[in-house]
Structures are given as structure tokens and as C-alpha cells.
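Let's take a friendly walk through the empty spaces of this protein. Have the sequence and the 3D view ready.

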Amino acid sequence: MLKLIKKILKSNKYTYHLLRKRYYQYLRYKNLNKVKKIIKNAQVKKKNKNVFFLLEQGHGNLGDIAIGYTQKKFINNSFPDYNLIGIREIEYMEHINYFKKIIKATDIICLIGGGSIGDEYLTHENNRRSIISNFKENKIISFPQSMYFNKTHELNNSKKMYSMNKNLVLIARDKISYETMKEAFDSNKVLLTPDIVLYLNETHPKRDRNGAVTFLRSDLEGVLSEMDKEKVFSILERNYKNVSVSDTLINREVPREKVAEELNEIFESFKKSELVITDRLHGMVFAAITSTPCVVLSNYNHKIKAQYEWIKHLDYIKYCKSIAEIEKFIENLKNVNDVEYDNSYAMEQYEQIREVMSN
């Protein structure tokens, strides 16, 4: 019956497109009501003290999910008297005009951290440009990011948009991004801190560790071939009884109410592993904050190696330049016992964020 109805509707193109338009209008209306409810529920403190956290992610990249989760924790802990209003990227995109009406010049705007300043993920960059240019009077804090532009004209577009807001503060999460941000965005304040997820400490409760697990990329940022991955797996099988394959990327959306549950599940998988091998930045970060021995392989750009500089003092995290070095590091890590993550080095750096948000 449903197929018949669709067939009849498609035979009358005007009716079909009208109903389609009405359906999407209904969805936008429904989603706007959801956004309004989120804002109302968040405004439980002083209504004139708001932090809007924009571009939060809900897709299945648990690295991005962890960034959003940690930013909220950091803001709530640092500014308990502010209303924290978390808005996901799709919600902002659908209702830009609504946010232009309700966000006051005295509200603080915080943008998601990560690795999306640049033209690699242009949709995210365009949305960041939109916010910066639409809210010229607001204090905007862009949480720790990596920067990577391939195209000069896209970099110039961002320069133009970013310069529209003199209250914009950019935070780089590695020294390479810090230097390029300072050069490119010379009209804005630029800070340097570690990736915000290093704020967390998920070492406890400790678990019995058993076996090794890989968290390896299969997207455009990965450089390992299938043959390389087979070599890695063979090395692990020679050294561990149990070897498994996992990823920080899951094939499902993560609703707001499931964020803590999903993150706890992946943190548990790290805490139960004797060793992790990864070429994902947040695979390395999750290993650090769960005190899990880890061999880190590089990806095609600077962001993993540059982020490793913050945690190279951790004896249980080893950066590996080639697959040939893996076995040597495994032997080394087998002698590392009962380690504890200490995030004091990172907390010192995050004080800069508190200061710029307070002033």
C-alpha cells in the first residue's frame, strides 16, 4: 500500500514536492522546539550569565564525542554560576536565525575543539566562520584545535572571517598549529594547550588487563595499508594470547543521554587491555587518561606527533616511527607496571582558558 501511495504521489510531481516540503518544514519546527527546550532546561541559574557551547558533535566519532563531553565538564567545573547551553552542529545549522535572535552580546560562545580548523573538513570550517562573523561582539573561545589548510584561498577566507571578531580567542593544541595560527590570525589572541580530553583522568577503577587491541584508521587520515595492518596484527599475535580489533569510530549517532555511557564503555575497553596500538589521536589520548600501555603510529599530517609532545613524559605511551619498531616498544612496555596518569601538567595549561573566559 505504501509503495502504491508513493507511486501515485510521484505521478503528480507538484503534490509530491509540496508534501515533501511540508514534511521538512514540520521536522525543522519539531527540531526548533527541541532546541528551545534544551535552552530552557539549561537556564537554571542566572539568566544573564550564559555560555553557549556551539558545534558539539553527535556522530559516531568517539574522539569528537569525548571532546564535547570534556569541554562541558571543564566549563561547568570552572564556571559553576553560568548556564551552559550545549548546541550540536546540526541544530545550529538548521536554526541560525533563531540563535542570532537569542544569543546576547554579553553571552560567551565556546566552539568545539578537535582537528577541524582548515579545509580538510570544510563544512565544519564554514560553520565556524558563520558563528564568528554572525556574533562579532561576543567573546568567542575556540577550544584546543589542530589547524591544517591545503588551499590558500580557503585560508584567506578564514582570515577574513576570523578578523571580524576582535574578541575571538583561538586555542591551538600543538606547537605547529600554534605557530601557523599566530601567523595567519594576527588580529586574534592565540593560546597553546593540550587537547582538552587530557583534562580527564579515567584510570580508576582499575581493571585486570588481558590481551592487546588495535585502534587503526581506515579513512583519509590513515596511512597504513591492509598489508601493514596484517603485519601489526602478526606482531601482536606473537606477543599476546588474545588480540582484537576495535576503533574509536562507531557506526551510529550518539544521543545526548548516551554520551557518558558510550565513553565509559570505550574507556573500559582500554583499561582491560595490556596494550593498545593506534594511529588515532584520541586512541593515544584515551590510552593516556586510562593509564594504558600504548604504541602510537603516525597519520599523514602532524597532529598525532605534535600532540604526543605533551605526553612523551608518560613512560607507558611510545611513539613509533615505523612498524619495524613496534616489537621493540612492546618489550619495553611489558616492563611498565601499575602506572598512574597524572594530568597536572595539562591542568596548568588549561588555566589560560579559564583566564580568557573570565576577563
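How many residues of each class, nonpolar, polar and charged, are in the lining of the largest pocket? There are five nonpolar, 11 polar and nine charged (Ala, Val, Leu, Ile, Met, Phe, Trp, Tyr, Cys and Pro count as nonpolar, Asp, Glu, Lys and Arg as charged, and the others, Gly among them, as polar). This is a predicted model, where local features need pLDDT of at least 70, side-chain atom pairs count only at pLDDT 80 or more, and totals for chains, interfaces and linings use all residues. Residues are numbered from 1 along each chain as its sequence is written, and side-chain values use heavy atoms, leaving out hydrogens and water.

**Largest pocket**
- On a 1 Å grid over the protein atoms alone, a pocket is an open set of points with protein on both sides within 12 Å along at least five of seven lines, a cavity is a set where a 1.4 Å probe fits but cannot get out, and lining residues have an atom within 4 Å of a point.
- The largest pocket has 25 lining residues, and Asn61, Asp64, Gly115, Tyr121 and Lys303 lie nearest its centre.

**Largest cavity**
- About 70 Å³ of space lies here (a volume is the space filled by probe spheres set on the points, which are joined across faces, edges and corners).
- Gly115, Glu120, Tyr121, Tyr148 and Asn301 are the closest to its centre, out of 13 lining residues.
- The lining divides into four nonpolar, five polar and four charged residues.

**Second largest cavity**
- This cavity holds about 30 Å³ of space.
- Its lining includes Asp64, Tyr69 and Val259.
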